[in-house]
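The exercises below ask you to work through a structure step by step, and each task is followed by its solution.

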2 protein chains.
Amino acid sequence: MSKQSNHEELIYFLHRMAAYEQALSLMEWDAHTMGSKNSLKTRTNAIEVLTSEIYNILTSPETEELLEANDPTTLPAPEKSALLHLQTHTKRLRNIPFKDYQAYKTQAAKAASAWSDARKKNDFSVFRPQFDKLVAWQHEFANMQGYEEHPYDAILANHHYKMTVKAMDQLFSNMKDTIHPLMERIKHSEHRVKTGFQYYTIPDDQQAFIANDILKEIGFNFNSGRLDHSYQPFTLTVQENDIRIGLPYIEENIQTGLTNLFREGGHALFEQGRSALLRSATSTSEIEAHKILWSELIGKSQVFWDAYYERFQHQAPKAFADVSSDEFYEGINAAKSSIIRKEANELTQPLHLQVRYELEKGIMEGKVPTRDLPGLWAEKVQKATGLTVPHDNAGILQEHHWATAQFGYSAAKAFAYVQAASWYEQMNDAMDTFNAAGAHEWLCKYVYDDEQFPSPGQYDGRAFTRYLENKYTSIYRI
Amino acid sequence: MSKQSNHEELIYFLHRMAAYEQALSLMEWDAHTMGSKNSLKTRTNAIEVLTSEIYNILTSPETEELLEANDPTTLPAPEKSALLHLQTHTKRLRNIPFKDYQAYKTQAAKAASAWSDARKKNDFSVFRPQFDKLVAWQHEFANMQGYEEHPYDAILANHHYKMTVKAMDQLFSNMKDTIHPLMERIKHSEHRVKTGFQYYTIPDDQQAFIANDILKEIGFNFNSGRLDHSYQPFTLTVQENDIRIGLPYIEENIQTGLTNLFREGGHALFEQGRSALLRSATSTSEIEAHKILWSELIGKSQVFWDAYYERFQHQAPKAFADVSSDEFYEGINAAKSSIIRKEANELTQPLHLQVRYELEKGIMEGKVPTRDLPGLWAEKVQKATGLTVPHDNAGILQEHHWATAQFGYSAAKAFAYVQAASWYEQMNDAMDTFNAAGAHEWLCKYVYDDEQFPSPGQYDGRAFTRYLENKYTSIYRI
């Protein structure tokens with residue numbers, strides 16, 4: 001086969017994968033919106049069938065041959081990224097027989113249900129027998145995939161193929177070394193940040209107007225996507241030119257509403273900005289990084305709110321007439337500790353993530369028996385946040401990640417903070433006056449189709465800690 | 001491979017095909033409803049990719065082996081039908097290389113565009129060069145597929161695998177022998193049928209109420225489907241438990257509105273009633289027959305309107321207060337001649353279909369040069385309807401079927417009238433008092449999953465002509 005036809009076949013292969021992804025996305029969208037009451041079972045079957053088809057295509061000898069016949073170094077940006085991802089991803093897939101993968105998914109569904117039961121009883125021991133089985137699977141997968149230094153490396157690679165224990169240990173250690181002293185200094189600050197205004201109720205139609213306006217402001221293309229009202233916030237890519245955002249109306253907390261809006265908006269910009277050829281080549285940490293970049297670093301930046309606040313205030317005069325732009329900026333960035341990860345902001349999230357990361361690492365090393373987990377969890381959270389875990393539901397049972405087969409998610413999310421801060425620093429350096437439109441443009445040019453797959457080892461994490469230092473010392477005058 | 005596992009594999013294969021069909025249907029639905037402005041091109045690509053995947057699966061040696069390994073005579077009803085269909089269908093598909101099929105579709109797209117241009121100029125000769133190429137393809141396909149008696153048989157088999165020139169000639173001849181004398185007698189009838197009330201405007205919300213109510217009345221399950229407002233009437237099967245009907249509001253002709261409603265409702269009942277395993281095993285004539293059964297034979301029957309009219313009248317008292325049930329029934333069945341097929345009703349539609357059928361047959365025999373078509377068309381329509389074709393747009397250019405690769409459609413639709421009338425006669429015989437709910441039940445039991453694939457040769461067409469005789473002699477007192 002000639003080089004030319006190898007390349008054409010690769011392009012067709014990428015379009016082929018994108019077609020399956022499009023079908024699956026549409027089924028998911030339909031499940032959330034238009035699907036009839038009785039449609040669930042048949043749709044679930046169809047999703048299972050198409051997922052198997054994708055697995056079979058990806059692991060076939062023809063695909064292996066095609067992917068090996070192309071040399072990434074000779075390809076332009078999006079194809080290069082896609083090929084690099086696929087070469088790694090299919091190699092990993094071929095190591096896990098489909099029947100094992102299916103059996104694991106069945107087990108994960110059981111575990112998720114046991115987790116719900118355990119939540120009702122506020123008791124980790126109800127969940128533990130099922131969790132033990134998932135842990136056994138993690139060890140099994142690590143052996144199937146193989147690893148060089150650490151069994152957890154094999155699991156981390158599901159989220160980013162270059163993520164390793166060695167690199168993540170370093171990143172977490174750097175973050176902790178900055179965040180702990182910073183929290184201490186904030187605690188002793190004399191400056192009081194106003195936050196009360198966040199709890200004014202903004203009528204639904206005004207929320208909808210603001211959501212549309214901010215999405216336009218940050219560059220969301222409404223000809224290639226739509227915004228709908230939904231019960232949970234989500235972004236769903238039907239295809240590159242059809243990205244659908246769902247946002248709930250927020251009862252009484254504008255900060256939550258804005259965080260949702262910028263997070264989904266950031267995800268949507270990423271999906272609109274990158275090439276369709278990369279549809280199936282995205283890591284967890286990459287998507288998380290874009291969400292964080294927009295929901296935290298840009299969506300809560302002084303420079304965004306300096307420019308936008310007047311329009312915002314005008315939309316909800318009752319709530320914000322007496323709140324200055326600076327007060328608003330400080331309020332939405334108020335530092336707070338919480339034993340619930342989801343209630344923590346960018347300052348203390350990484351500490352929560354580190355707790356989960358270290359426990360998973362211990363499990364993968366065989367050093368942490370699951371019966372010791374609740375105690376270890378409470379101990380580590382106490383050290384990280386200074387707060388006492390009162391019971392399992394506010395501790396080890398607070399999230400579903402361990403029940404839904406997402407080992408390694410916390411590390412990926414922590415790396416996403418580091419990645420987002422690095423981009424943010426670079427784009428600030430590149431622009432005379434930082435602004436949202438310029439940010440999207442910069443990302444389109446340098447990040448979305450990037451073939452380099454930056455790995456945790458390439459970062460020292462200092463961009464993130466510098467960012468935290470700058471922001472919080474200024475807000476708290478410390 | 002054991003018999004047991006052959007059977008299991010067949011079931012999985014049918015579910016696999018259904019999953020692809022579901023994906024494609026959803027993309028079509030999305031194109032009509034939620035898809036963003038810029039989504040067209042990528043969706044079109046995805047549809048092409050998935051269509052190719054289906055072609056490749058259906059024509060693969062593994063599929064051939066699987067379908068041959070199962071014996072239809074040993075299978076229960078829906079699987080038997082599905083297997084019979086697939087065995088025939090895949091054999092035909094394997095005779096046409098995919099690249100030829102694709103080239104034909106590209107040619108058909110060009111022809112459709114030329115047809116639009118020709119319509120603008122009201123001139124068949126503008127369309128003819130493109131049409132000639134499609135005709136050449138028909139000959140090509142007939143040779144690829146092979147045939148025993150007549151080259152047109154190979155084309156007719158695309159719509160129903162047992163449809164032949166021999167059988168259709170007989171059916172058309174019987175229909176004509178009844179319809180012509182019947183029309184003559186109606187022309188000389190003294191009885192005047194009121195039709196003016198059809199043109200009262202019914203407000204949109206009342207139309208929507210009536211549509212919902214009639215759909216419920218005839219057995220449409222709203223937990224397994226939905227009704228939406230749309231610009232064109234359609235029925236789309238996302239899957240067996242999710243059938244979506246779209247209906248436009250009708251400005252000033254209740255007869256058109258009711259015909260749309262019963263036609264789509266009938267299609268939807270068929271889709272809700274049959275097994276999911278038959279998803280990819282449906283002939284054009286089968287669907288048309290269900291549409292006709294409900295839109296004409298049941299939806300315009302005296303027995304339906306005797307039972308329903310009071311409720312209907314109550315919904316739109318302004319329009320129907322002074323119209324009796326009998327007057328209404330007669331009005332919606334008024335006999336009328338038209339040179340436009342779509343404006344003709346059950347009484348004269350078959351004559352229009354026969355004109356197209358005979359011209360296609362002549363083309364396939366190589367006896368009709370396309371330059372003679374406009375003249376032949378006008379001549380045959382004059383004979384069939386007594387009306388003079390004033391120009392190409394009201395004649396040979398009136399429909400897109402010849403421009404969109406639907407050779408054989410007219411024959412399939414004519415056979416559908418015969419099939420529908422045969423069912424109608426059988427269900428009337430089976431019920432003490434005919435009613436819509438009973439009709440749906442009867443169809444579920446005897447027709448939807450039927451493995452017999454009744455062929456045109458099994459019918460003499462007399463059920464249809466008997467039905468016409470009974471109905472119109474009674475309405476026109478002749």
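**Exercise 1.** How many salt bridges does the structure hold over all chains?

*Solution.* The model is a predicted one, and over all chains it holds 54 salt bridges. One of them lies within chain A, where A:K187 pairs with A:E184 and the closest N and O atoms are 3.7 Å apart. This pair qualifies because the rule asks for a side-chain nitrogen of Lys or Arg within 4 Å of a carboxyl oxygen of Asp or Glu. Both A:K187 and A:E184 belong to helix α8 (residues 165–187) of chain A, where they stand 3 residues apart, about one turn of the helix.

**Exercise 2.** Describe the interface of chain A and chain B, beginning with its extent and ending with the elements that build one side of it.

*Solution.* Begin with the extent: the contact takes 36 residues from chain A and 36 residues from chain B, and the two chains bury about 3,000 Å² between them, with 52% of that area on carbon and sulfur atoms.

Next, turn to the pairings. Between chain A and chain B the count is 4 salt bridges, and B:D30 forms a salt bridge with A:R244 in which the closest N and O atoms are 2.7 Å apart. Across this interface the rule also finds 21 residue pairs in polar contact, both residues being at pLDDT 80 or more.

Finally, consider the side of chain A that touches chain B, to which α1 (3–32), α2 (40–58), β1 (225–229), β2 (234–239) and β3 (242–247) of chain A each supply at least two residues. Of these, α1(A) gives the most, with 11 residues. By class, that side has 13 nonpolar, 14 polar and 9 charged residues.

**Exercise 3.** At what angle do helix α17 and helix α19 of chain B pack, and which residues meet?

*Solution.* Helix α17 (residues 409–430) and helix α19 (residues 462–475) of chain B pack at an angle of about 75°, their axes being 7 Å apart. The angle therefore makes α17(B) roughly perpendicular to α19(B). From α17(B), the residues B:Y417, B:V418, B:A421, B:S422, B:Y424 and B:E425 meet B:A463, B:F464, B:R466 and B:Y467 of α19(B). Sorted by class, the residues of this contact divide into 7 nonpolar, 1 polar and 2 charged.

Terms used. Residues are numbered from 1 along each chain as its sequence is written. Chains are lettered from A and ligands numbered from 1 in the order in which they are written. This is a predicted model: local features need pLDDT of at least 70, side-chain atom pairs count only at pLDDT 80 or more; totals for chains, interfaces and linings use all residues. Side-chain values use heavy atoms; hydrogens and water are left out. Contact means heavy atoms within 4.5 Å. Buried area is the accessible area (1.4 Å probe) that two parts lose on being put together, summed over both. A polar contact is a pair of N or O atoms within 3.5 Å; within protein, one must be able to donate a hydrogen and the other to accept it, and residues adjacent in sequence count only if both atoms are side-chain atoms. Helices (H or I, at least four residues) and strands (E, at least two) are DSSP runs, numbered from the N terminus. Ala, Val, Leu, Ile, Met, Phe, Trp, Tyr, Cys and Pro count as nonpolar, Asp, Glu, Lys and Arg as charged, and the others, Gly among them, as polar. Axes are lines fitted to C-alpha atoms, for helices over the stretch in contact, and angles run from 0 to 180 degrees between N-to-C directions. Angles under 35 degrees count as roughly parallel, over 145 as roughly antiparallel, 65 to 115 as roughly perpendicular and the rest as oblique.
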